[in-house]
Amino acid sequence: MQFGADFSALIHRFSPESHRPIALAVSGGSDSLALLHLCQAWARSADRALLVFTVDHGLRPEARDEAALVAACCNRLQISHQTLRWTASKPSQNAARRARYGLMAEAMSRAGAKCLLTGHTLDDVIETVFIRRQRGVRGGLSAGPSVAAAMPAWPEGRGITLIRPLISARRETLRNHLNGLGESWVEDPSNRDLKFERARIRAFFDRHAELRENILPAITALQRERARLDSAFAQALASVHVAPDGLIELADHQEQVRLLGVLARVASGTDRDPRRKAVAELVESLSAPGKRQTLGGAWFQRTRTGFQIGRDPAELISESESIVFDGRFIRDSEADLPAEKETAFLVRHARPPDPAWREIISARIEHLRRCYEAAFAPICVE
């Protein structure tokens, strides 16, 4: 069992420098352990170093032993491994997910890695389709996750690509591969905890295994439709203009609801899109040029030809402890934030600009465009 040639092409697209390691998120479950073994075989032939991360969220006492299991496996395979630990006063699954990607992004930045590989499978896609359909999502957009995506954590994940090379592989196939290697894996009990929506979907398919097989052609068709939609969306993102002061301009476009959702994220410097329904309601409310409204930490104003989008100053992060300010600007030198000026225009586009600072919004949009362009690229696992 091995990756096809398209995997190397995808890695080269997002991390062409051979001196940079390729990072893997490995929990000790069957999917991520199979990914580890497949990547080890690929890395030997491609002469690329691997760096494995296991995150201990501190939510379960068994997590420390599971991290030790992954570390021992990496030691046998002569692969570098790090256990990253997270502590929080009020832990939750959503907070843990955000922290997991944030911890790995920071560790990757220290190591110079640009790609993080995860073990999402076709079974995850099937479950996601059902979850999204329950929330009213129809058509190709219900099929996810995709092969390539921008790192969810921002700004820690700036310039890092999340790649899911097993998205076309079945979990059963991967487990058979591990059994052939004599490898064992751990079962996360939260995967069977029915208080979580995905666990309930998984339990339903366990009771109706034939249904999972019967719907595979429909899921594959949805993935193809998603690929078409994402390719068109990548072209739409290429039409977005960002001024040096961070002001975003978008001409009217048939994809404008989806576009404005993404632009709310980048204009606010956060890692969250507003709900699609809220964006659609915003578009409907901005019926005439000059009308303005805020959503998701950003403001939107109707123009004669489209929209202007900027940062909502009411939610601005006023201080910066790093070289990145508010997820939108980066300083090129050891410079303080520019002094606040008594000007309007939504507090002068919510600071900076200044000669020592430059916007990183356009680079973020370009990275997103390249990820959407590569979405559902075929990767053969044979």
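**Entry 1. Thr128 and its surroundings**

I began with Thr128, which touches Ser142, Gly144, Pro145 and Arg198 when residues up to four places away in sequence are not counted. The model I am reading is a predicted one. Thr128 is found in helix H5. I then asked whether Thr128 is buried or exposed. Its relative accessibility is 6%, and because buried means under 20%, Thr128 counts as buried.

Two of the residues touched by Thr128, Gly144 and Pro145, led me to the backbone. The peptide bond from Gly144 to Pro145 is cis, and its omega is near -5°. Pro145 is found in the loop that lies between helix H5 (122–134) and E5.

**Entry 2. The chain as a whole**

I next looked up the overall figures. The chain has 382 residues, and buried residues make up 51% of them. Its secondary structure comes to 13 helices and 14 strands. Of the contacts in the chain with a separation of 6 or more, 68% are accounted for by residues 24 or more positions apart.

**Entry 3. The sheet of six strands**

I followed E5 into its sheet. In what order do the 6 strands of this open sheet stand? I read the order as E3-E2-E1-E4-E6-E5, and the pairing is mixed. Strand E3 (80–85) and strand E5 (148–150) each have a single partner strand, so each stands at an edge with one side left without a neighbour in the sheet. On average, neighbouring strands of this sheet are turned by 30° against each other, direction ignored.

The partner strand at the E5 edge is E6 (residues 161–163), and the two pair in the antiparallel sense over 3 bridges. I noted one residue pair here: Ala150 has Thr161 in E6 as its bridge partner. Helix H13 (residues 361–374) packs on the sheet, where it touches E5 and E6, and its direction makes about 165° with that of E5.

The loop between E5 and E6 holds Pro155. I found a cis peptide bond there as well, joining Trp154 and Pro155 with an omega of about 5°.

**Entry 4. Helices H9 and H13**

From H13 I moved to helix H9 (residues 216–237). The axes of H9 and H13 come within 8 Å and cross at roughly 160°. Angles over 145 degrees count as roughly antiparallel, and H9 and H13 are therefore roughly antiparallel to each other. The crossing of H9 and H13 is left-handed.

Which residues of H9 and H13 meet? On the H9 side I listed Asp230, Ser231, Phe233, Ala234 and Leu237, and on the H13 side Ile365, Leu368, Arg369, Tyr372 and Glu373. By class, the contact of H9 with H13 has 6 nonpolar, 1 polar and 3 charged residues.

**Entry 5. Two residues with positive phi**

I then looked for positive phi values outside glycine. Asp47 is not a glycine, yet it has a positive phi of about 55°. Asp47 sits in the loop between helix H2 (30–46) and strand E2 (50–56). Its relative accessible area is 64%, and it is exposed.

Gln78, also not a glycine, has a positive phi of about 60°. Its place is the loop between helix H3 (63–77) and E3. Gln78 is exposed, at a relative accessible area of 75%.

**Entry 6. Strand E10 and its partners**

How many of the 5 residues of strand E10 (residues 298–302) are buried? I found 5 of the 5, so E10 is largely enclosed by the rest of the structure. Both faces are covered: Ala298, Phe300 and Arg302 are buried on one side, and Trp299 and Gln301 on the other. In a regular strand the side chains alternate between the two faces of the sheet.

Strand E9 (residues 292–295) runs antiparallel to E10 and is joined to it by 4 bridges. Within this pairing, Gln293 stands opposite Phe300. The hairpin of E9 and E10 has 2 residues between the strands, and in it Gly296 takes a positive phi near 60°.

E10 is also joined to strand E11 (residues 306–311), antiparallel, by 5 bridges. A hairpin through 3 residues joins E10 to E11. Trp299 stands opposite Gly310 in E11.

**Entry 7. The sheet of three strands**

Last, I looked up an open sheet of 3 strands, in the order E12-E13-E14, with antiparallel pairing. Strand E12 (324–325) and strand E14 (357–359) stand at its edges, each with a single partner strand. E12 and strand E13 (residues 329–331) are joined by 2 bridges, and Phe325 stands opposite Phe329 in E13.

Methods:
Residues numbered from 1 in each chain as written. Predicted model: local features only at pLDDT ≥ 70, side-chain atom pairs only at ≥ 80, totals over all residues. Heavy atoms only, no water. Pairing = 2+ DSSP bridges. Axes fitted to C-alpha atoms, helices over the stretch in contact; angles between N-to-C directions. Contact = heavy atoms within 4.5 Å. Parallel < 35°, antiparallel > 145°, perpendicular 65-115°, else oblique. Left-handed = near helix turned anticlockwise from the far one by under 90°. Nonpolar A, V, L, I, M, F, W, Y, C, P; charged D, E, K, R; others polar. Buried < 20%, exposed > 50% of the residue type's maximum accessible area, 1.4 Å probe, protein only.
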